[in-house]
Amino acid sequence: MQIRTATHKDVPRLKTIWDLCFPDGEEYIDLFFRLRFKPEEALVLEEEENGQRQIAAMLFMPPASVGLAGTFYPAAYIYAVATHPDAQGKGFSTRLLAAAHDHLQAQGMALSLLAPGSKSLFDFYRNRGFVTAFSMTEYTVPAKEGNWEGQMAPADPAAYHQAREAAFHTLPLFVRWQTDAVVHQQALSATLGGGVMAIEAGGHNGFAIVEKEKNTLLFKELIWPKADFTPAVQYLLRILGGDTAKVRLPVGEAYPVDELPYPCEVVPRAMAKWYIPTPKAADGFADGYLAFIME
């Protein structure tokens with residue numbers, strides 16, 4: 001058994017493992033490897049069988065930056081941890097995670113992040129040193145009849161990144177992505193009936209990352225003034241179609257509750273593992289903001 005960083009020659013095998021382990025489809029997988037994959041940000045575990053080495057497990061570690069009480073820490077987002085079905089049950093993912101932690105610490109990362117794919121996996125990763133650190137408030141907004149007018153256009157990734165930074169950098173715990181993450185998200189959302197959009201509606205301007213899931217419009221992120229977001233949401237429902245919108249916002253964002261009579265719930269979204277002594281401001285805090293994660 002050997003664990004090493006990936007190479008471009010590994011891509012066909014990595015795509016095969018991804019396709020066997022996740023229900024994402026060929027287009028999703030191709031977009032990741034075209035727009036986000038960097039060999040030095042991936043680890044693979046090779047198993048020797050009949051004198052031949054074959055990749056049996058993989059994970060990816062794109063960089064991020066985590067703001068906590070005004071200080072930003074270098075971080076990595078651990079993603080697509082997977083073991084080929086023929087090699088499952090051997091503890092390879094656990095070994096690969098341990099190697100990733102050693103690798104990231106050696107790279108000077110202060111922490112790693114990941115988003116469990118199911119509720120049960122929160123316990124799996126909790127037993128491996130992660131703690132729940134990020135949550136979302138998710139509003140359910142039904143489509144309403146009306147003359148909802150506005151304008152929208154694909155957002156410039158740099159402009160979106162700048163607006164996101166201005167809107168969220170003062171949150172108690174905030175994950176800053178690089179611009180290439182916005183470019184990838186823009187291409188990915190476009191395949192799902194949406195996009196990374198610049199929006200004008202109801203006398204306000206803002207941005208949103210929107211995807212369509214059957215008759216539901218999912219706002220993976222909404223950058224909007226502290227005002228009623230109904231005009232923007234209803235405008236996009238009218239243009240893109242759908243009978244319901246799911247709008248994800250940071251926990252504790254002060255939108256006018258009296259004007260937003262929509263049901264909402266706080267949903268745990270992601271976990272963190274600190275490699276340095278856990279800063280006091282992060283100890284026990286579970287309402288950080290981590291949006292438009294690959295999931």
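**Exercise 1. Find what alanine 76 faces, and place its strand in a sheet.**

Step 1. Alanine 76 stands opposite serine 112 in E7. The model is a predicted one.

Step 2. Look at the two strands. E5 covers residues 71-77 and E7 covers residues 111-114. They pair in the parallel sense, over three bridges.

Step 3. Widen the view. Both belong to an open sheet of eleven strands, ordered E9-E11-E12-E13-E14-E8-E15-E7-E5-E4-E10. The pairing in this sheet is mixed.

Step 4. Check the edges. E9 (150-154) and E10 (173-176) each have a single partner strand, so one side of each has no neighbour in the sheet. From one strand to the next, the twist averages 35°.

Step 5. Add the helix. H5 (residues 157-168) packs on this sheet and touches E5, E10, E11, E12 and E13. The direction of H5 makes about 70° with that of E13.

**Exercise 2. Describe the sheet of four strands and the helix across it.**

Step 1. Read the order: E1-E2-E3-E6, an open sheet with antiparallel pairing.

Step 2. Find the edges. E1 (2-5) and E6 (79-83) have one partner strand each, so each is left with one side that has no neighbour in the sheet. The twist here averages 30° from one strand to the next.

Step 3. Take one pair. E2 (residues 42-49) and E3 (residues 52-60) are joined over eight bridges, in the antiparallel sense. Alanine 42 is opposite phenylalanine 60 in E3.

Step 4. Place the helix. H3 (residues 92-106) lies across E1, E2, E3 and E6. H3 runs at about 135° to E2.

**Exercise 3. Test the length of helix H6, then find what its buried residues pack against.**

Step 1. H6 spans residues 179-190, which is twelve residues. At 1.5 Å a residue, the expected span is 16 Å.

Step 2. Compare. The end C-alpha atoms of H6 are 17 Å apart, which agrees.

Step 3. List the buried residues of H6: Ala181, Val182, His184, Gln185, Gln186, Leu188 and Ser189.

Step 4. Recall the helix rule. An α-helix has 3.6 residues a turn, so residues three or four places apart point the same way.

Step 5. Name the partners. The buried residues of H6 pack against H2 (26-35), E9, H5, E11, E12 and E13.

**Exercise 4. Count the disulfides and classify two cysteines.**

Step 1. Searching the whole structure gives zero disulfides.

Step 2. Cysteine 21 has a relative accessible area of 25%, so it is partly exposed.

Step 3. Cysteine 264 is at 47% relative accessibility, so it also counts as partly exposed.

Technical notes:
Residues are numbered from 1 along each chain as its sequence is written. This is a predicted model: local features need pLDDT of at least 70, side-chain atom pairs count only at pLDDT 80 or more; totals for chains, interfaces and linings use all residues. Side-chain values use heavy atoms; hydrogens and water are left out. Two strands pair if DSSP finds at least two bridges between them. Axes are lines fitted to C-alpha atoms, for helices over the stretch in contact, and angles run from 0 to 180 degrees between N-to-C directions. Contact means heavy atoms within 4.5 Å. A disulfide is a pair of cysteine sulfur atoms within 2.5 Å. Buried means under 20% relative accessible area, exposed over 50%, partly exposed in between (1.4 Å probe, protein chains only). The expected span of a helix is 1.5 Å times one less than its number of residues.
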